[in-house]
Amino acid sequence: MVNIKALLLSVAAVSLAVSPAFGMYKRGSVVKQLGVSNFEKVVGKTSQPTFVKFYAPWCGHCKNLEPEYERAAKKSQAFAKFYAVNCDEDKNRGLCSQFNVQGFPTLKVFTEKRTKRGSRRAVDYQGERKASSMAKFARSLLPDLSKRLDAGDLDEFIAKDSLPKAVLLTERKKSSELWKGVSAQLDRRVRFAQIVNPGTTAMKRLGVNSLPAIVVFADAKDPENFAVYDGENKYEPLVRFISAVASGKAPKNQKNKDDAAKPAEREQAMDVEEIATQADLERACIKQSDASSIPVLCIIGIVPLEPEFEESRLEHAQAVSVLEGVLKGQQPRNANPASAINDNDNDNDTDADIDDEDDGSGSQKTDNVTNKGLPFRVSWVNALGAAGARVREMFGLSDDLPSAVAISPRKSAAAPYRGAFAKDELLEWADACYKGYHMQRFTFDLDIGQKSASVHDEL
């Protein structure tokens, strides 16, 4: 712990070399910078255990803590938040004084308990400053905010107040860490409950065929209008789905979560799909049942998204809109006068030579995932999630977000994008990659992990 008074005389000199406005954690880090303008709004919006590191950029102990703090944040993404406040900025000094910060770094943890005014209460973190210790402490403070219901109490719960309701139907008596994390994140905006062994009558009413299942009711006055979650048991897609339904931005009354969409509808919905797991990556880029339908290139946008924050959702929507423009703006291979050069395995090539492979049938094949006549498939991955971190690490991408990478599964080649995240520039780059430019031989296994659910992904 560094005593502020002992270093007071050195601050002025050091601050000439270090800009006080420059945050310790860069954009794209799982640790977010806060200041007096957004502190209460951000910290107060969740009931998850929330670490806040109060620091000064000239503080050596603060710099030493930086990697462990970031690792703790990555370990805890599904159940805790990690933020940082630069107390060296003039505008933040009153905030740091408010929390009695007397030395750097000071770690405060905000719990789900609140004052009469609704502000969250904080405790000092006195434990070991290792990632595993901080993550363990955060986990110990994770509240269980899910109300236990009998199946017959559902209508009363839905009508209790005007807030949207999210209900977990399960066979487990104890709340899972995943459900606790989701409910704590959306607390005070959505009410959560769980019904253990709901019975066939309740399941039939809600169009649920198997457990666990999640049903979201957006309107307390209309219990027959609901949405059944049909995604993976992962924190990010769960929060995104519940937030969307609660705000009226997702389809409701999905009576049967096992009903398959019509092929045309599914193809349209998957235009620019999210890659969150290894299975997603393989389906979109690598292991098609029909090898001829594998795209020549996969363009993956690395786009940050914090679904609980409206500003982040808007920025994400703009980035995905750019990617949709890239997808729709590409020319079919047979209509492109400057088609890619022939695919071959000449080890003397410096650039990856990419082209379509003829199956000998003389006809073009299509399937639900991609059109064989298009040179590339476009997807996106959340830069702040585990899969996004893996993709960025695998291809050496910078912290300048959003960004993109082109990969050729057929040629084991890749090219990171270095320009402005705009449709025309991305299209020009992608077209050049398709023709063999930029692409470099690259040894990778295209394994972004998450092949199977961990204990923290169980409902």
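## A strand wrapped on both sides

Which residues of β9 lie on one side, which lie on the other, and are they buried or exposed? On one side sit Lys165, Val167 and Leu169, on the other Ala166, Leu168 and Thr170, and all of them are buried. So both faces of β9 are covered. That back-and-forth split fits a simple rule: in a regular strand, side chains alternate between the two faces of the sheet.

Keep in mind that you're looking at a predicted model. In that model, 6 of the 6 residues of β9 are buried, so the strand is largely enclosed by the rest of the structure.

## The chain as a whole

Let's zoom out for a moment. The chain has 14 helices and 18 strands. It runs to 459 residues, and 50% of them count as buried.

Now take the contacts between residues at least 6 apart in sequence: 76% of these join residues at least 24 apart.

## The sheet around β9

Back to our strand and its neighbours. A quick reminder first: strands of a sheet pair through backbone hydrogen bonds, either parallel or antiparallel. The open sheet here has 5 strands in the order β8-β10-β9-β11-β12, and the pairing is mixed. At the edges stand β8 (147-149) and β12, each with a single partner strand, so one side of each has no neighbour in the sheet. From one strand to the next, the twist averages 25°.

You can see the mixed pairing at β9 itself. With β10, β9 pairs in the parallel sense over 6 bridges; as an example, Lys165 has Arg191 as its bridge partner in β10. With β11 (residues 213-217), strand β9 (residues 165-170) runs antiparallel, and 5 bridges join the two. Here Leu169 has Ala213 as its bridge partner in β11.

## Helices that pack on this sheet

Two helices are worth finding in the viewer. Helix α7 (residues 177-185) packs on the sheet and touches β9, β10 (191-196) and β11. The direction of α7 makes about 155° with that of β10.

Helix α9 also packs on the sheet, touching β9, β10, β11 and β12. Its direction makes about 25° with that of β11.

## Rings that meet

Searching the whole structure turns up 17 aromatic pairs. One of them joins Phe217 and Phe226 in a tilted arrangement, with 5.7 Å centre to centre and 55° between the planes. Both Phe217 and Phe226 are buried. Tyr229 and Phe241 make another tilted pair, at 5.1 Å centre to centre and 55° between the planes. Tyr229 is in the loop between β12 (226-228) and α9 (235-246), while Phe241 is in helix α9, so this pair ties together parts that are 12 residues apart in sequence. Tyr229 and Phe241 are both buried too.

Rings can also join up in a bigger group: ring pairs link Tyr25, Phe51, Tyr69, Phe82, Tyr125 and Phe137 into a cluster. Elsewhere, a charged residue meets a ring: Lys53 lies over the face of Tyr55, 5.7 Å from the ring centre.

## A buried threonine in a loop

Thr46 is a nice one to click on. You'll find Thr46 in the loop between α2 (39-44) and β3 (50-55). Why does Thr46 count as buried? Its relative accessibility is 2%, and the cut-off for buried is under 20%.

What surrounds Thr46? Leaving aside neighbours within four places in sequence, Thr46 is in contact with Lys81, Arg114, Arg120, Ala184 and Gln185. With Gln185 there is also a polar contact of 3.1 Å between the two side chains.

## A second open sheet

There's another open sheet to look for, made of 6 strands in the order β13-β15-β14-β16-β17-β18. Its pairing is mixed. The edges belong to β13 (273-274) and β18 (440-441); each has a single partner strand, so one side of each is left without a neighbour in the sheet.

Strand β13 runs parallel to β15 (residues 376-382), and 2 bridges join them. To locate this pairing, start at Glu273, whose bridge partner in β15 is Ser379.

Key. Residues numbered from 1 in each chain as written. Predicted model: local features only at pLDDT ≥ 70, side-chain atom pairs only at ≥ 80, totals over all residues. Heavy atoms only, no water. Phe/Tyr/Trp six-rings, centres within 6.5 Å; stacked < 30°, edge-to-face > 60°. Buried < 20%, exposed > 50% of the residue type's maximum accessible area, 1.4 Å probe, protein only. Helix = DSSP H or I, 4+ residues; strand = E, 2+ residues; numbered from the N terminus. Lys NZ or Arg CZ within 6 Å of the ring centre and 35° of its normal. Polar contact = N/O pair within 3.5 Å; in protein donor to acceptor, adjacent residues only side chain to side chain. Contact = heavy atoms within 4.5 Å. Pairing = 2+ DSSP bridges. Axes fitted to C-alpha atoms, helices over the stretch in contact; angles between N-to-C directions.
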